Amino acid sequence: MGKKLVLLVLTLLLTTTYQLPSWAGRILEKIQQTGVITAGTRKDAIPFGYVNEKGQWVGYSIDILEIIRQDVEKKLGKPIKLKLVEVTPQNRFDKIKNREIDIECASSTFTWERDKSVDFTVSYFASGTKILVKKGSDLGTIESLAGRKIGVILNTTNEQAIKRQQPAAKIIPIKDQNDGLDKLNKGEIEAMAGDGIVLQGLRLENKNPNSLEVVPEFPYVYEAYACMIPEDESAWRGIVNYSLVKFMEGIVSDQPEQVAIYEKWFGEEKGVTPYSREAINDYFQGIVDSYEWIPLIGN
């Protein structure tokens with residue numbers, strides 16, 4: 001599993017070199033002037049970005065955005081605020097292209113087609129398309145999906161994966177993760193396709209988590225998550241990549257602060273562990289090795 005993850009990132013990694021702000025990019029100028037980073041994220045992508053039972057916006061991606069905010073604040077030498085804006089699978093690309101948001105971090109997958117209209121940072125997690133089904137279902141293998149009602153959010157990599165892997169599946173459009181869960185519980189669909197780690201988080205939020213399961217063991221298609229930014233903003237992307245690489249460097253070198261963030265969302269106690277620490281360390285190591293090592297102490 002670890003080797004697959006490393007091969008994936010080496011294939012998809014967008015190489016860029018960190019540099020200090022040149023002020024050529026409009027986003028950095030705007031952040032410098034306003035003191036605000038406007039960031040898009042999700043409210044239904046557990047555990048990446050979602051609203052908890054207390055009404056608080058939380059998640060792995062939210063913590064990542066806070067790390068970026070802190071680094072930008074340090075680089076610019078002035079207080080910087082993080083303004084969160086809800087995005088959906090349908091509007092996230094337009095919000096980036098129209099520069100309504102400076103960055104989007106949630107569960108967005110890098111694809112070459114998407115890269116034609118938006119830019120991506122380095123990957124900061126890996127997942128892949130799986131399905132959420134009622135426990136005891138005979139669904140799981142790609143062959144078993146033929147002729148079955150599979151709920152998907154349209155215009156996502158999950159929809160593409162199911163259509164390509166099993167053209168005979170009956171695609172049922174769903175609005176979002178919660179709509180899919182509702183339709184699954186009501187029996188209107190037989191399975192819901194999505195990123196495996198997000199489906200696992202959604203399962204745990206169900207009234208009866210043990211009535212559902214995420215299958216198969218390995219994804220139909222592997223995917224790399226990355227943040228999105230508007231095109232032609234190399235200085236901004238460099239700063240964001242610096243923060244992401246430094247965070248992953250902290251994971252692979254067992255730094256308590258970074259490990260605590262990872263374990264908070266993907267530790268065994270959370271029940272949404274997608275990979276062993278060894279496997280995710282291999283994945284992160286593949287990214288870190290493509291860059292100059294960042295001194296973590298005092299940085």
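Okay, let's start with a pair of helices: α3 and α9, the latter covering residues 256–266, pack at an angle of about 160°, and their axes sit 10 Å apart. An angle over 145 degrees counts as roughly antiparallel, so that's what we call α3 relative to α9. The crossing itself is right-handed. And before I go on, keep in mind that this is a predicted model.

So who touches whom? From α3 we have Y60, D63 and I67, and across from them in α9 are I261, K264, W265 and F266. Sorted by type, the residues of that contact come out as 5 nonpolar, 2 charged and no polar.

Now α3 on its own. It runs over residues 60–76, and with 17 residues at 1.5 Å each it should span 24 Å; its end C-alpha atoms are 24 Å apart, so expectation and model agree.

Is α3 enclosed or open? Well, 12 of its 17 residues are buried, so the rest of the structure largely encloses it. Among the buried ones are Y60, D63 and I67, which you'll remember from the contact with α9. The buried set also includes R69 and D71, along with I62, I64, L65, I68, V72 and L76. Right after the helix comes G77, with a positive phi of about 70°.

Last stop, somewhere else in the chain: N241, which lies in helix α8, residues 234–252. Its relative accessibility is 2%, so N241 counts as buried. How far is N241 from Y291 in sequence and in space? They're 50 residues apart along the sequence, and 9.9 Å apart in space, going C-alpha to C-alpha.

Definitions and conventions
Residues numbered from 1 in each chain as written. Predicted model: local features only at pLDDT ≥ 70, side-chain atom pairs only at ≥ 80, totals over all residues. Heavy atoms only, no water. Helix = DSSP H or I, 4+ residues; strand = E, 2+ residues; numbered from the N terminus. Expected span 1.5 Å × (residues − 1). Buried < 20%, exposed > 50% of the residue type's maximum accessible area, 1.4 Å probe, protein only. Axes fitted to C-alpha atoms, helices over the stretch in contact; angles between N-to-C directions. Parallel < 35°, antiparallel > 145°, perpendicular 65-115°, else oblique. Left-handed = near helix turned anticlockwise from the far one by under 90°. Contact = heavy atoms within 4.5 Å. Nonpolar A, V, L, I, M, F, W, Y, C, P; charged D, E, K, R; others polar.
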